[in-house]
Amino acid sequence: MSSSSVPRAWQRMLSGRRLDLLDPSPFDIEIEDIAHGLARVARWNGQTIGDHPFSVAQHSLIVEQILEIQNERCPPVESLMALLHDAPEYVIGDMISPFKAAIGLDYKKVEDGLEAAIHLRFGLPSKPSEHLKKQIKKADKISAYFEAIHLAGFDMAEAAELFGRPNGITPDHLDFTPWGTQQAETAFLKRFSQLVAQIK
């Protein structure tokens, strides 16, 4: 097969980087590209109320907040991994869980490869420990529960059945009002910089 007939597997970023989705290099990853992309990727396939889509960038900030609420002495490295838990979606989008299940292992392989490259780019372990992974997933489900009832038209019983009840967590200090893309991008970059400074 000639090189011209091989399907293109890379995407050009606004930074000028070319990221190979099948063999991602940490050297082709920039936090500005991640923040820009995540601020423009809509959760729930855009099926949410408000003047703006609820972005993956805003969701990521909330998940990191919830993790810190649940773990008072959360190390900044773990907080940063929570902030970046959906970072691969800046190039592969936010596929809803039923579609991920339908695609199967091929999607997971690409997602895991991107996650490892992103983590290595920022000096993090290639993947979170099993304990941290469970903690992030728990925070992710709590955010999804509140997003479901406040933004996506679910009633509380349906949201609880899908995501569990957010025992001990209230949305009082969590902002689920969808932000514009620039606000989400700026807030994501700011929090990233704060956590990186704490790690150093």
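**A buried histidine and a helix pair**

With a relative accessibility of 14%, His85 counts as buried (under 20% relative accessible area, where over 50% is exposed and in between is partly exposed, using a 1.4 Å probe and protein chains only). Keep in mind that this is a predicted model, where local features need pLDDT of at least 70 and side-chain atom pairs count only at pLDDT 80 or more, while totals for chains, interfaces and linings use all residues. Residues are numbered from 1 along each chain as its sequence is written, and side-chain values use heavy atoms, with hydrogens and water left out.

So where does His85 sit? Look in the loop between helix H3 (76-83) and helix H4 (89-92); helices here are DSSP runs of H or I, at least four residues, numbered from the N terminus. The His85 side chain has a polar contact of 3.4 Å with that of His59 and another, of 3.1 Å, with that of Asp86. Such a contact pairs N or O atoms within 3.5 Å, one able to donate a hydrogen and the other to accept it; for residues adjacent in sequence, both must be side-chain atoms. Leaving aside residues up to four places away in sequence, His85 touches His59, Ser60, Val63, Glu115, Ile136 and Asp140 (heavy atoms within 4.5 Å).

Now for the helix pair. H7 (residues 130-150) packs on H8 (residues 156-163) at about 155°, axes 9 Å apart. That angle makes H7 roughly antiparallel to H8 (over 145 degrees). From H7, Lys141, Ala144, Tyr145, Ala148 and Ile149 meet Met156, Ala159, Ala160 and Phe163 of H8.

Note on methods
Axes are lines fitted to C-alpha atoms, for helices over the stretch in contact, and angles run from 0 to 180 degrees between N-to-C directions. Helices (H or I, at least four residues) and strands (E, at least two) are DSSP runs, numbered from the N terminus. Angles under 35 degrees count as roughly parallel, over 145 as roughly antiparallel, 65 to 115 as roughly perpendicular and the rest as oblique.
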